[in-house]
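Visitor: I am new to this structure and would be grateful for a close look at a single part of it. Please then set that part in its surroundings.

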Amino acid sequence: MKRIKNHGALILVMLTISFVSCKKEYANLNSPTVEDYLKDASKDQLNGLVTGALSGMRNNEAAYLDAVSVIGREIYRFSSADPRFVTELLGSESTTLNNTGFYLTNPWASRYRVIKNTNVLIEAATNSTQVSEAEKKGYTGFAKTIKAYELLLNLNLTYNNGVRVEVSDPNNLGPILDYDQSILAIATLLDEAKADLTGSSVVFTLTPGFTGFSDVAGFVKFNRALAARVAVYRKEWAAALVALNESFFAINGDFNLGVSHQFSTGSGDQLNPAFFPQDQNGEIRLAHPNYATDILPGDDRISKATLRTAAASNTGLSSNRDVWVYTSSTSPIPIIRNEELILIYAEAKIKLGAFPDAIIALNRIRTAHNIAVYAGAVNEAALINEMLYQRRYSLFFEGHRWIDMRRYNKLNELPIDRPGDDVWSAMPIPSTEN
Amino acid sequence: MRKTMLWIASLIFLALLPASLLAQEKMISGKVTDSKGLPLPAISVVVKQTKKATTTDTDGKFEISVPSNGTLVITSTGFATQNIQVPASGEISVTLQEDFARLDEVVVTGLATSVKRRNLANSVATISNKQLQGTAPAQTFDAALNGKIPGAYINANSGAPGGGLSVKLRGVTSVFGNTQPLYVVDGVFMDNSATSAGLNAVTGAAAGGNISTQDNPSSRIADLRAEDIENIEILKGASAAAIYGSRAAAGVIIISTKRGKQGQTKVSFSQDLGFVKVRKLLGVRQFTEETAGSLSGDPARIAQLKQQFVQAQSAGKLYDYEKEVYGNTGFTRNSVLSMNGGNDRTGFYFSAAQKDEEGIVKKTGYRNTSLRLNLDHKLTDNIKIGISTNYVNSSADRGLTGNDNNGVTYSISLSSTPNFAELHPNEFGVYPNNPFGASNVLQTIALMTNNESVNRFTTGLNLEAQVQKSARSTTRLIGRGGIDFYNLVTTANFPRELQFQTVNKGTSIQGLTKSLNTNYILSAVNQFIVSDNLEFTTSAGVTQETGDFNNLLAVATQMAPGQTNIDQGGALTAQQFRNKFQNQGIFIQEEVSINDAINLTGGVRFDRSTNNGDVEKFNAYPKAGVSVNLTRMGLLDNGFFNNLKLRAAYGQSANFPAFGSKFTTLVASNITGVQGSIVNIQGGDPNIDPERQSELEAGVDFSVLDGKLNFEISFYNKKIYDFLLLATVPPSSGFSTKFVNAGDLRNQGLEVGINAIPVLTDNVKWTSSVNFWFNRSKVTRLTIPPVILGSFGTSLGSFQIEEGKSATQIVGLNAPISAKDELVALGNQEPKFQMNTFNEVTLFNKLSLRFLIHWKYKGDNVNLTTLLNDFGSTSADFDADADGNNVPDGPQRIGSFLGGSARGFVENSGYVRVREIGLYYTINKIPRNIVRGVRVGVSLNNFFTWTKYSGYDPEVSNFGTGFSTGVDVDPFPASKRASFNVTIDF
């Protein structure tokens, strides 16, 4: 009996030992990790980060357009699921912009996510032994350009409240800079990117939205177009013209020449969320009623706000025109295009006192949109108003109106639709940044 | 590896054949009766300290050979155990007394050991089959648990067919880790995942993200058949559950299914027929010409709306769409055939069952078909083998409800549809577009599908061999394990004809999930009897659990007309989620029984897991317990107490870090057909630690009045250290969240159970149990700033994890009482206390009335349903003026929200509910030989509720079974059930 007992114990011990030596480790089964990429990334891995950034730039793009267009009184956004489009964004009664509101936190976080991707790209490219120095510069030049653009979009939201520029170490974030420092940092980043791109070699594929801009020379033109926009935001009028000269600006060129976000029905891709069919109910975007009342007779840009079969109303707001800028679920959303560059040219020229040059540019826009050449007063104030009118209709629902009126301290000229509504000048810094 | 080990184990068991024992023996016979003198069949008669056993026949008689000075131990469930010294000669007559206090009930204390309730150091709740499903059967197993577990907070997520409940034992165990208990059925660890059907692709409930917890899936434990279950034991915290390792951090629910009983084969057929109806409707706004016009601010539109209303009114076409959508009376049926029998070596239990239930919304419902075969066989006198097999096929059509950002769910669509809208199809069957919303709810119901379909196979094996036997020592080897495998197919089809499919032109979401869980326990148990007064039980063993989960989800849009196959789509996106783990444990446990009055238990489990940061490190989880039975010790001999026990237990456990929290992953982010990667919004941390938990439980159990009144009182203090929080990080870091070990939590609570037999006469018997329990949680340490989570932000009321506060507090804005952006505590999800009472009154042994009442006192929900209906201008009391201030209630509530107050959304969700009530009549004197008994009954399930809660039902959870239950966003309304039952025993 004792013998049997000992055998039992012995076998149990053996089992335990064999069991203990049987160990496993499962790696992440679902996706690659940043930690892997930072060690020694291959060209394909770096290219994946490039594509990922381009794709990620579209995340919450519609939310951004909705927010700035509603505050800028370009559109109404009615939603049966979320009332805040018609309350907080319009400042109805005592509501204010909330620093936890989705209209702020979602786009803000999506932009910084792309910035994170560009920072990972910079670090991964720098650490990689599998790409040449010129190729590394191509990656960093791309990364810095995109990073600057994404920072600019967030700064457009928070304006005087600033943005955080130094964010490469998540555990040790830099300070939130004020507006002037922020916009300067963005301009500097674009210049650094241009320097990196000079003499670089681009070995990655961009989307069809970069057609004509996907080689080094083309990408520099895109970079300079953004630099021109940043320059007018900074009131650096001469610098804006310099940047325009190095960009794809063409006063007689196609208005839609430029760089855009692309959408497709491909796997893992997105459809254009800024597209809603006409005459919908529930989730809708309507042109602000004064889009149609303020437009000059004959202006073909009325086609961006089509008549509905029935007006839609919500909490005292009503409009009978749908927003019709993005007319299919795969329509591109412009990042920057020639029509804006022509208007930047006009603006810089007005500010530098070169009124005839400015009027040429403005008339280029006017005639193309079926309205007569400019016949108004030729002074800075009048021309600035004319330039702002053209920007309003040319860049409708592309995210400019609110920022433009703010640049010229004209937010008080935006319409108040209901007693107690407010026009906000800036969004707060998200609560989670504090 | 696993297979090899099982082989070796079986070989050992076969090799170690028993040694026979020789002693002076004689045959003895006897009869066992109850207190009324009625013979008791199938009573176990065992010769003490041997394995020799028999059972009584139908006349209560038995015969067994016994050593001359032996003792017989006579046991049966529900009766107090009796020890009989064998007399020199003659027949023995034994009268068994009912064990009202259930002191002799055997309760699991380890992975391979058990102890009688009288000696237990923990409070272990048990639920019998009768309590589980014998009163008023619920639709699914998880729903059948509701209101029955003292110490638990159980909450149904919605009323959608197919279940989906959250079970939280003793408060908040974790915020982001597993909050649900481990379910073990006959030794097999069951998967209880809730797998999303990908409805977010249509609802956009979690806009911007693909993964959503708002798709209202069911929990897979719902597949289980309550009819097959013999009893359930609930180990609520680490002090009892530590030996099960990390998966048991939120407690263990141990389920034993029915086994074969020796004797004549019993065939039983049971048929339920019944109906379900909605528990409560909110009502709809009655429009007038004036109020119809007020839906718009545009003069032309106002005129149009007024005209539309007048036309609808004069044509008699004002509808109550809420009633039309949720007012269906669903027919239910459930048939169960079971067989039970065996001889002295082999026993079997077989059941075949099918239920088919319609829902309160057309085209919704639940169907479950189950087959079970449990076999027990004695290979030799010393080797026993038990096999359990269960196949389940279930199918749930769950409709489309709940939160939504696209205006497509039934409920959100209803919220903006006034009664004068025309949604009915024309003579060609074409549904008009709903001019007041993004979808026509009648069309959606008629054309869409949202189905979860499961094929599940669970099998368990239990081998027990006695390998050593001497006068004082017995050693058994026990091998137990099994597999739980299921295939889940989720099908969500939204044809292109639907109003909201004008952009996507048809969406087909097909999900395929494969889940395989395996586990085994190999252990050796030695029972060493030093003397009659001192006994040691030593157990040691190894365990292993593995899991392999693979979920594929394909979303196709631009569908060919009438087609649902994803390759008929014009655009296709796919997602895959895989999860694999292997846990290994080594345990030892020592139980000492002194005088059958003092019981000491100590044990430790060493656990490691591939889920941990360090996969090779073993973590030790100790437990210990002591119980002192004062009456058995003779310290309390005043005759008042029949039984008085003091007890205390302590244990530790841990919850795994969430899967993948170690890494920062890159997720797919493609554009125009080019593959891309983007950093995940969740940052990883290579140094993440598991959550550790310690629980101290102390209590006193006593019974008085001949065991007719029993009390069980427990206090516990459960602490969770380094709990994981998905902390919000500054989004400028590129991440939105990151797992951190954020602090410590504490749960303290009291559980009081009373079992009583208020009336016991020959013709009337009334048994009653009353339970009272509450839990108080507190965040005792938090290393990061307070975290808002679990709802929709502070303007609508949200949970907040904050040091010094309850873990389940609800905070929000409260203007103008407080400053505009100041957060104030508005409520707490945790109930102040809960009570239940289960009663059975039996008259003449024939008529039995059973009922279960459950009272949840206070505890708050975040109720956003009214707000959504107000914004849609359709709430029933929109035009009412309850406070007489001349501002209609709808606009007043909107105004309060716009003014920056979330106060109105935090609402007391307490209730008193008659969960189950059933009346049964047993006919057991039937002249024909073939039928032994017939039982007929009627029952009502969740029929009566008293609550001040304004939503459909106080039990609700938009976010499923996680931390934040109780958020109410236009859910699938809860239903009540009535059924008629006939059971025939052959």
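Guide: A residue is called buried if 20 or more other C-beta atoms, placed from the backbone, lie within 10 Å of its own, exposed if 12 or fewer do, and partly exposed in between. The model is predicted, and local features need pLDDT of at least 70, side-chain atom pairs count only at pLDDT 80 or more, and totals for chains, interfaces and linings use all residues. Residues are numbered from 1 along each chain as its sequence is written, while chains are lettered from A and ligands numbered from 1 in the order in which they are written.

The part chosen is helix α9 of chain A, residues 237–246, whose buried residues are Ala240(A), Leu241(A), Ala243(A) and Leu244(A); helices (H or I, at least four residues) and strands (E, at least two) are DSSP runs numbered from the N terminus. These buried residues lie on the same side of α9(A), because they cover an arc of only 165° around the axis, taken from the directions from the helix axis to the C-beta atoms. Ala238(A) and Asn245(A), on the other side of α9(A), are exposed.

The cover over the buried residues of α9(A) includes α8 (216–233) and α11 (338–351) of chain A. Ala228(A) is in contact (C-beta atoms within 7 Å) with Ala240(A), Ala243(A) and Leu244(A), and also with Ser247(A), Leu341(A) and Ile344(A), leaving aside its neighbours within four places in sequence.

Ala228(A) also belongs to a wider setting: together with Leu121(A), Ile186(A) and Val230(A), it is among the residues with the most contacts inside the largest nonpolar core, which has 126 residues. Such a core is a set of buried Ala, Val, Leu, Ile, Met, Phe, Trp, Tyr and Cys residues joined through C-beta atoms within 7 Å. Helix α5 of chain A, residues 102–127, supplies the largest share of this core, 13 residues. A separate second core has 71 residues, including Phe141(B), Ile221(B), Ile234(B) and Val467(B).

Helix α5(A) leads on to the contact between the chains, which takes 83 residues from chain A and 88 residues from chain B. The largest share of the side of chain A that touches chain B, 10 residues, comes from α5(A). Other elements giving two or more residues to that side include α3 (43–56) and β4 (305–314) of chain A.

Helix α3(A) may be set beside α9(A). Of its 14 residues 11 are buried, so α3(A) is largely enclosed by the rest of the structure. Its buried residues include Leu46(A), Val50(A) and Leu54(A). Their cover includes α5 and α6 (133–158) of chain A, together with β31 (677–679) of chain B.

Technical notes
Contact = placed C-beta atoms within 7 Å.
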